[in-house]
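Please describe how this chain is put together, with attention to its loops, its nonpolar cores, its aromatic rings and its surface.

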Amino acid sequence: MARSSGSTGPTLAVVAREAGVSVPTASKVVNGREDVAPETRRRVTEVLDRLGYIRRPRCETPKPAPMVDLVVHSLDSAWSGAVLHGATEAAHEAGLEVVVSAAATRGRGGPSEHGWPDKLYARGSSGVLFHLTELAPVQYSWLDEHRIPFVMIDPAHDPPPGVPSVAAANWQGGMAATEHLIELGHRRIAAIGGPGRAVRDGGRVAGYRSAMAAAGVPVPSAYVRYGDVSEAGARRRMAELLDLPEPPTAVFVCSDQMVPGVYQAAGERGLRVPRDISVVGFDDLPQARWITPALTTVRQPLSEMAAAALRKLLRLMTGEVPEAIRTELSTRLMVRSSTAPPLRALL
């Protein structure tokens with residue numbers, strides 16, 4: 001674009017000279033390129049307006065669909081598969097393209113400080129969905145500074161005030177899981193959660209406590225255990241529970257990922273699930289149906305959560321204010337074969 005559409009209009013060289021910049025820099029401003037300093041852009045724009053430079057309409061191929069990023073902790077987890085399905089389905093309906101990547105993590109679930117933000121900016125993404133435990137303060141600051149809209153999906157820790165998120169109704173799920181065990185006749189019900197500072201697991205344990213309180217069943221402090229979200233960690237916590245003078249007859253486990261460790265610890269004591277001890281999980285991962293016995297668990301709607309997050313992100317991208325900063329979707333108890341009434345000998 002060397003001159004205006006009118007034959008008597010100023011050339012781009014004249015605009016560059018008046019603004020004190022090079023012709024390539026003036027061209028970048030005219031063509032809406034991002035790699036121009038704000039002060040330089042302002043100066044060139046003032047000259048364009050003053051000289052009456054008319055931008056020539058472009059005859060180009062249609063622009064590609066707007067692009068959003070989906071950043072997950074890992075590409076090979078069951079959680080990520082469900083999130084990817086929900087996000088891409090919703091993006092297709094909205095005419096968006098999705099770029100999926102795994103974050104290089106620093107041990108607490110957030111992307112590393114170097115490299116990732118620059119790649120996001122270079123791609124020209126219109127927004128970001130994060131399915132991560134949390135972001136580091138430097139990432140929140142970077143996103144705010146660059147005015148990139150984003151939404152958190154199922155964060156384990158509360159994001160800063162004003163950060164939009166979509167999560168499951170964790171308290172509701174924990175309560176439903178515990179009420180199911182109480183209805184079966186259990187009173188010695190324990191809970192195993194993930195890291196103690198995880199608000200997500202804290203909500204699930206809070207639901208467990210609410211159900212126990214509503215039924216008038218006391219909760220010994222030793223009946224609530226926390227650890228890392230792993231089979232090995234759950235095996236240790238379950239072994240501690242079974243070593244108690246009055247071990248539980250049922251246990252609510254705050255993640256399906258920990259359940260194999262719980263089953264293993266019970267088997268090492270010669271206990272059978274659910275004959276000797278009932279187990280309820282949370283998530284409804286595919287392994288919940290494959291494990292033996294099939295796991296009674298709380299289904300959190302990960303695909304639906306991702307779709308809701310994409311729709312919330314789309315509103316942010318168009319300048320709308322979302323109706324709610326935090327959205328919670330209902331959970332549902334899936335009753336299978338890992339729960340049964342307690343043996344009378346254990347009551």
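P293 is found in the loop that runs between helix α11 (287-290) and strand β10 (296-299), where helices (H or I, at least four residues) and strands (E, at least two) are DSSP runs numbered from the N terminus. A cis peptide bond joins T292 to P293, with omega at about -5 degrees. Another cis peptide bond joins V273 and P274, with an omega of about 5 degrees, and P274 has its place in the loop between α10 and β9.

This is a predicted model, in which local features need pLDDT of at least 70 and side-chain atom pairs count only at pLDDT 80 or more, whereas totals for chains, interfaces and linings use all residues. Residues are numbered from 1 along each chain as its sequence is written, and side-chain values use heavy atoms, with hydrogens and water left out.

Two aspartates in loops have a positive phi, and the table sets out their values; buried means under 20% relative accessible area, exposed over 50% and partly exposed in between (1.4 Å probe, protein chains only).

| Residue | Phi | Loop | Relative accessible area |
|---|---|---|---|
| D154 | near 50 degrees | between β4 and β5 (165-168) | 3%, buried |
| D284 | about 60 degrees | between β9 and α11 | 12%, buried |

The secondary structure of the chain comes to 12 helices and 12 strands, and of its 347 residues 48% count as buried. With contact taken as heavy atoms within 4.5 Å, residues 24 or more positions apart account for 71% of the contacts that have a separation of 6 or more.

The largest nonpolar core, a set of buried Ala, Val, Leu, Ile, Met, Phe, Trp, Tyr and Cys residues joined through side-chain atoms within 4.5 Å, has 39 residues, and those with the most contacts inside it are Y208, M238, V251, F252, V262 and V279. At least two residues of this core come from each of α7 (170-183), β6 (189-193), α8 (199-214), α9 (231-242), β8 (250-253), α10 (259-268) and β9 (278-283), and α10 gives the largest share, five residues. Apart from this core lies another, of 23 residues, among them L96, L129, M305 and A307. Leaving aside neighbours within four places in sequence, V262 is in contact with I192, A234, M238, V251, V253 and V279.

Rings of Phe, Tyr and Trp (its six-membered ring) pair if their centres lie within 6.5 Å, and planes under 30 degrees apart count as stacked, over 60 as edge-to-face and the rest as tilted. By this rule there are three aromatic pairs. The rings of F130 and F150 have centres 6.0 Å apart and planes at 75 degrees, so this pair is edge-to-face. Because F130 lies in strand β3 (residues 127-131) and F150 in strand β4 (residues 150-153), the pair ties together parts that are 20 residues apart in sequence. F130 is buried at a relative accessible area of 0%, and F150 is buried at 10%. The pair of F252 and F282 is tilted, at 6.5 Å centre to centre and 55 degrees between the planes; it links F252 in strand β8 with F282 in strand β9, 30 residues apart, and both residues are buried. F130, Y140 and F150 form one aromatic cluster.

On the outside, the chain exposes about 16900 Å², of which carbon and sulfur atoms supply 53%; accessible areas come from the Shrake-Rupley method with a 1.4 Å probe, and for residues only the protein chains shown count as cover.
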